[in-house]
Amino acid sequence: MHEDPNYTSAPVQVGQVSKKAKAIADKKKVPLKATYSEHVISAKIVRRASPMQNAQTILATKPSINATSAGPNGVRSTITFRAFTSGQFSETFDGIPLNGMFNGGTTNQASYRNAVPLTLNDISGVNIYNGINNPSVNSYNSLGGTINYQPRQPSKTMGGSLGMGYGSFGTFQWNALFNSGSIDGFRSLFAYNRQTSNGWLQNSGNRNTNYYYAGILPYDHGMSKVSAYVIVNNNVGYTPHSVPQALIQQYGDNYNWPLNYSTTSNNDTELTAILGDKSTVSRHVILGAKFYVHNNDYHRTSYANPAFDQSATQPYYLPNQGTGYPFWLSYPVPPTYDPSAIFGSTHYGTDYHLYEGISTALGFSPKAQFILPHNLVTLGGNVAYGMLHSAEYWYGAYAMPKVPQYNNAWDEHDSRLMSSVYMQDNISLLHGKVHITPGIKYLYAYTVSSDDIGFYYPIGGSVANSQAFTSPTIGISYAPLYGLSFYVSWGRNIKFPNIGAYYSNIAEQNNAGQYIIAPVTVQPEYVTDYELGTRYRHDGFKGSVDAYLEQFKNTFLTNTNSSGISNTYNGGSSRYEGVELALEQRLGHFLLGHWAAFANYSYNQAVFTSSFNSTYAGSVLAGQPLANVPKNMFNVGLNWGYHHIHAHIDGKYVSTQYVNQQFAGTPTSQTIPSYFLLNLGVEDTIPIHTDHVKSVKLSLNIDNLLNRHYFPRGFSNTDYYGNTYLSVLQGMPRFVFGSVTLKF
């Protein structure tokens, strides 16, 4: 989509086409005449971020995004975008999908508590596309919007840096970067980042190691280029569990379940590799294609002490607790593991769980742009094939066998083919005052899920189906005056069901009590999006306001059992609506140094518009609000610079939120309170006039400056006596971190 406000129908040279195409692809700010709602996070914001921020929480400075982590290094991240949860909007890297093909989300999907595909070490900025948006930027799952992380790029000059820092909670970070510079046009960037932390909760230590490579090879006199990006991220650590609020009040703000009660250790490694080519064929044609692979290798070992299972003396649900009854031994052809025979009781024979998920996705994305006198026509598509092996085993010891049809809760092999093809136009009229961007995308998915006999599967078998949808979009912008524009847009899109809608159909019981494989009945989520907005720019001021309405059909709800198995089902219709306001002002020089300020506000409301009965949680009524949706959020910030010194302070307010029943996935009447956080960052880059060192950067970050105690997320549960209680994840207290970076 051609969104450059300087787009003209005048003849251009081939070199100018190449430069203009690069400007389109690497937007540093939202074009005034864009026909959809958009926001941008710059490279400066990324490089100045606190080490406790990650690729999701850094997004929370923009309207309608609420993102938090329950532990260091992005562990157990939670994010909502216009009230849509992770997996209901898409996240991409260089335009390539990062969302899991089977479970939808990008981080913390399917209880992969420390699944982290990328860090701030890998990116140079972020483009945020609110709503369904146009088909050249949206991807699978783009209901609430699309987040595109821009790759960190190699420079044309040789150089590098070394850095290290230390801070609260025993947090230690070291990093290294090397730019090869241009060698006959070829340039490479190697970056390494490692961070360890004990966490702000007891028993929540974590270590994250990130490797990044970017390579650019121009050819054809600079008119074309080959690009390569590789990310390897390994995260190892304990899960910060939700804890009953009463226990926090009793034992202190840093309370987490003791290791002799319950513990969960996680090990996740993710690989993302992209090889791309972009070629300017002529002044009218630009062709490109990308091949990519994404692999996720996740393993979790959990333990719950049977002595502290939910009981009269310990009335709360204990994470990972085993079962007191070997229900599978009554199956027609059961798994043969008898925990009582080996460990003396079923409880002690099921107190260890090993959960693993290994997935691989291979994809190809071609794209062609045709630059015409009054149009920019874009054709493109994507095809991706994914494979997933997921399994869980129960035993009475840490070193456990992994034997299907013996001690497996499940042993599953899934595959999915997802593809799309799209066409869109950007029509420029009235000398560029009017832009019309019609587009259409066709999406297709074919899914197979196969399970062996296990504790949850009296019979084995496979289930499969195919689904397809045609997604239309259109946006119109009008700029009646210099610096002022209005836009309106409309679109429809879907999200294909997660794999939980498939494996739950294997080994269902019919009315005669027989185990069968039932056809898949869960339908995709359908959303129709309406947007209306305006932008204004003048003399260092930038402002935008928009309103949206998204009509939602077949809303997905997720039931999760105590062992972490999630089932997806449709929960009727719902309506998401809101208003987003963003203001920025360069204040210029006064008193001492240069100043700039920003503020944004968002109102988001999500309610069910139909009543239905949930098998897992009873009735849900029309008008009932969805959980985890703060109606009101605002961000404020002030930036100051004086020579080589820079400082910024920013704050975020998040209003009260309803919470879900912990396992049913439906909202309750319980809430977590509102909170306000203030963060401060200061850095000084000192020039060094030596042959080897160019500069030294000293940085200080203080997150949660006011040391607020808050709960970013909560769940409703029932204790041993049938009383409802609130279980919460605890937010990070004040965090102070200092670092030194040498630039060569």
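Start by selecting strands β29 (574–589) and β33 (632–642): each supplies at least two residues of a nonpolar patch on the surface. Keep in mind as you go that this is a predicted model.

**The nonpolar patch**

Now show the side chains of Val545, Val579, Leu581, Leu583, Tyr601, Phe634 and Val636. Together these residues make up the patch, and their combined accessible area is about 460 Å². Which strand gives the largest share? That is β29, with three residues. Centre the view on Leu581, which sits in strand β29. Leu581 has a relative accessible area of 33%, so it counts as partly exposed.

**Along β29: charged neighbours**

Stay with strand β29 and pick Glu584, then add Lys542 to the selection. Their side chains meet in a salt bridge, at 3.8 Å from N to O. This pair ties together distant parts of the chain, with Glu584 in strand β29 and Lys542 in strand β26 (residues 541–553), 42 residues apart. Are these two partners buried or exposed? Neither label fits: Glu584 is partly exposed, at 34% relative accessible area, and Lys542 is partly exposed too, at 31%.

Next, select Glu577 and Arg575. Here is another salt bridge between side chains, with an N to O distance of 3.4 Å. Glu577 has a relative accessibility of 24% and is therefore partly exposed. Arg575, at 26%, also counts as partly exposed.

**A buried pair**

For the next stop, select Arg82 and Glu531. The side chains of these residues form a salt bridge at 2.5 Å, N to O. In sequence the partners lie 449 residues apart: Arg82 belongs to the loop between β3 (77–81) and β4 (84–85), while Glu531 is in strand β25 (residues 525–538). If you colour by accessibility, how should Arg82 and Glu531 appear, buried or exposed? Arg82 is buried because its relative accessibility is 0%, and buried means under 20%. Glu531 is buried as well, with a relative accessible area of 3%.

**Widening the view**

Keep Arg82 and Glu531 selected and add Asp546, Glu550 and Glu580. These five residues are linked in a network of salt bridges. To finish, zoom out to the whole model and display every salt bridge: the structure holds nine. Among them are the pairs you have just visited, Arg82 with Glu531, Glu584 with Lys542, and Glu577 with Arg575.

Methods. Residues are numbered from 1 along each chain as its sequence is written. This is a predicted model: local features need pLDDT of at least 70, side-chain atom pairs count only at pLDDT 80 or more; totals for chains, interfaces and linings use all residues. Side-chain values use heavy atoms; hydrogens and water are left out. Patches are made of residues with over 30% relative accessible area and no salt bridge: like charges are joined within 9 Å, nonpolar side chains (Val, Leu, Ile, Met, Phe, Trp, Tyr) within 5 Å. Accessible areas come from the Shrake-Rupley method with a 1.4 Å probe; for residues, only the protein chains shown count as cover. A salt bridge is a side-chain nitrogen of Lys or Arg within 4 Å of a carboxyl oxygen of Asp or Glu. Helices (H or I, at least four residues) and strands (E, at least two) are DSSP runs, numbered from the N terminus. Buried means under 20% relative accessible area, exposed over 50%, partly exposed in between (1.4 Å probe, protein chains only).
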